[in-house]
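These are my notebook entries on a single structure, kept in the order in which I looked things up. I begin with enclosed space and then turn to the ligand, the backbone and a few side chains.

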Amino acid sequence: MTISEILNHFDDVQTCINQTIKSYDSKYLNASEKCYFKINPPKIHDRYFSQKYTLNSVSTDEISVSTTAIAFILTDAIKRQKMITFIGNTKVISVKRMTNDEIEITTRNRGRTTINKYQCAANCLWDDKLRIDKTADINNSGPWILRYKAMLNISAPAIGLGLIPSATGILGPYGDIVNHKNGTYYLSWYPLCKLAETLNNDGRKLHSEIHNYHARIVKRILSGFPVLSEKVSSITHKKFIKNNILEMAKYIPSAEQLLKYGNSFKLSGGVILAKGSTDINDPDSYLHQRSIIGPIAYGNYVTVDTGKYCTAPLFALETADMITKIIS
Ligand SMILES: Cc1cc2nc3c(=O)[nH]c(=O)nc-3n(C[C@H](O)[C@H](O)[C@H](O)COP(=O)(O)OP(=O)(O)OC[C@H]3O[C@@H](n4cnc5c(N)ncnc54)[C@H](O)[C@@H]3O)c2cc1C
């Protein structure tokens, strides 16, 4: 795509957002109708991006959040909510939709299998959604692609807060970087960080594929010692971390500063579930049309395709409404 084709697309998206705001008499990212993007003048572009490898850049209103901070807020809220009973360390093995509309769920905890029946159940398992749906006799029409994507969290408090921009590369498998403006950074160079993919609907297997047997044991042993675990991870993945930063730095030269923080990395990652059969470098891949997402109710069983992190709160509300209807 040319720059003007990209800007035309951004313009279409902006019109769509503004029309939606108007029709709902609402706000988006806490603002009423406005301009959500601006092409960077050469002076700004050249300050942050390589002139050799990038054509141009656009400032957008996209907001980055610390998923760790949100996870803490969520888990804390769940702990304080007396109507929620949290059952940890337990794997959902299968689901059966009974003829009397009840949902029978088989789980395993420390080798012990338990079967419970519920008036209603929601499958929010993401990387195991398709497998569990199948046990409940639901066939999600596909194909679906499950990708394991790694990411680095870097603590580099001494770097000037505005030196490294938050940016996403587009028109190919690049990657993204987030400056949390508190001395911490997220970085994921897609061509290196997309570690595995499968079309066989079993996302849990991707975890074992990328963590070999011995690494899994070490990870489990260190799970109670987060600081030590972080150190071991930075040492064992030093080359991978360095290569990610160097690739990103080709496009965003200031990112090279992160190399100095060799021991302050946390390497993690997860599976991404989406409809499609080819990766993001294929312009025709269904991955680029991720809009048919959300919860679907089959009788008393709800199954959720979260789609994106940013759509999770909306779908949580929709799922709660579906559950309310089912049980009332
Ligand atoms: C590196 C990376 C970058 C990303 N970047 C973005 C981004 O920029 N923007 C964006 O919008 N989205 C992004 N995503 C996608 C986003 O993270 C996911 O869409 C979102 O986390 C899905 O939330 P969820 O609650 O559906 O699933 P999860 O957060 O994965 O929760 C599912 C839970 O179910 C548990 N579980 C699974 N199977 C079982 C089972 N059988 N029994 C018991 N428990 C089970 C899992 O352990 C997990 O705790 C990214 C993902 C990754 C990995």
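**Entry 1: cavities.** Before listing any lining, I note that a cavity here is a set of grid points where a 1.4 Å probe fits but cannot get out, and that a lining residue has an atom within 4 Å of such a point. The model is a predicted one, and I read every value below as computed from it. With that definition in hand, I wrote down Leu130, Lys134, Ile138, Asn139, Asn140 and Asn201 as the lining of the second largest cavity. The space in this second largest cavity comes to about 40 Å³, and by class its lining divides into two nonpolar residues, three polar and one charged.

I then asked how many cavities of 30 Å³ or more the structure holds. The count is two, and the largest cavity has a volume of about 80 Å³. Its lining is made up of Leu273, Ala274, Lys275, Tyr286, Gln289, Arg290, Ser291, Ile292, Ile293, Asp305 and Gly307. Strand β12 supplies the largest share of that lining, namely three residues. Sorted by class, the lining of the largest cavity has five nonpolar, three polar and three charged residues.

**Entry 2: the second largest pocket.** I next looked up the second largest pocket, for which I recorded a volume of about 750 Å³. It is lined by 23 residues, and those nearest its centre are His211, Lys219, Ser233, His237 and Leu267. Two or more lining residues come from each of β7 (144-155), α6 (203-210), α7 (213-222), α8 (226-236) and β12 (265-275). Which element gives the most to this lining? I found that α8 does, with six residues. By class, the lining of the second largest pocket has eleven nonpolar, nine polar and three charged residues.

**Entry 3: around the ligand.** There are 18 residues around the ligand, and Val92, Trp126, Asp128, Thr306 and Tyr309 come nearest. I then went through the polar atoms that lie by oxygen atoms of the ligand. For threonine 306 I noted a polar side-chain atom 2.4 Å from a ligand oxygen. With tyrosine 309 it is a backbone N or O atom that lies 2.9 Å from an oxygen atom of the ligand, and with cysteine 310 a backbone N or O atom lies 3.2 Å from one.

**Entry 4: backbone geometry.** Tryptophan 126, already listed among the residues that come nearest the ligand, has a positive phi of about 55° although it is not a glycine. I located tryptophan 126 in the loop between β6 (121-123) and α4. Asparagine 89 also has a positive phi, of about 50°, without being a glycine, and it sits in the loop between α3 (67-80) and β3 (91-97). Is asparagine 89 buried or exposed? I entered it as exposed, because its relative accessibility is 62% and the cut-off for that class is over 50%.

Where is there a cis peptide bond? I found one running from glycine 142 to proline 143, with omega near 5°, and I placed proline 143 in the loop between α4 (129-135) and β7.

**Entry 5: lysine 194.** Lysine 194 is found in strand β11, which covers residues 194-198. I classed lysine 194 as buried because its relative accessible area is 17%, where the limit is under 20%. Its side chain makes a polar contact of 2.8 Å with the side chain of glutamate 197, and another, of 2.6 Å, with the side chain of aspartate 279. Leaving out residues up to four places away in sequence, lysine 194 touches Arg147, Tyr148, Lys149 and Asp279.

**Entry 6: tyrosine 186.** My last look-up was tyrosine 186, which belongs to strand β10 (residues 184-189) and counts as buried at 16% relative accessibility. Tyrosine 186 and leucine 152 are 34 residues apart in sequence, while their C-alpha atoms are 5.7 Å apart in space. Leucine 152 is also one of the residues that tyrosine 186 touches, together with Lys149, Met151, Asn153, Asp176, Ile177, Val178 and His180, when residues up to four places away in sequence are not counted. With aspartate 176 there is, in addition, a polar contact between the two side chains, at 3.3 Å.

How values were computed. Residues are numbered from 1 along each chain as its sequence is written. This is a predicted model: local features need pLDDT of at least 70, side-chain atom pairs count only at pLDDT 80 or more; totals for chains, interfaces and linings use all residues. Side-chain values use heavy atoms; hydrogens and water are left out. Helices (H or I, at least four residues) and strands (E, at least two) are DSSP runs, numbered from the N terminus. Buried means under 20% relative accessible area, exposed over 50%, partly exposed in between (1.4 Å probe, protein chains only). A polar contact is a pair of N or O atoms within 3.5 Å; within protein, one must be able to donate a hydrogen and the other to accept it, and residues adjacent in sequence count only if both atoms are side-chain atoms. Contact means heavy atoms within 4.5 Å. On a 1 Å grid over the protein atoms alone, a cavity is a set of points where a 1.4 Å probe fits but cannot get out, and a pocket is an open set with protein on both sides within 12 Å along at least five of seven lines; lining residues have an atom within 4 Å of a point. Grid points are joined across faces, edges and corners, and a volume is the space filled by probe spheres set on the points. Ala, Val, Leu, Ile, Met, Phe, Trp, Tyr, Cys and Pro count as nonpolar, Asp, Glu, Lys and Arg as charged, and the others, Gly among them, as polar. A residue is near a molecule or strand if one of its heavy atoms lies within 4 Å of it.
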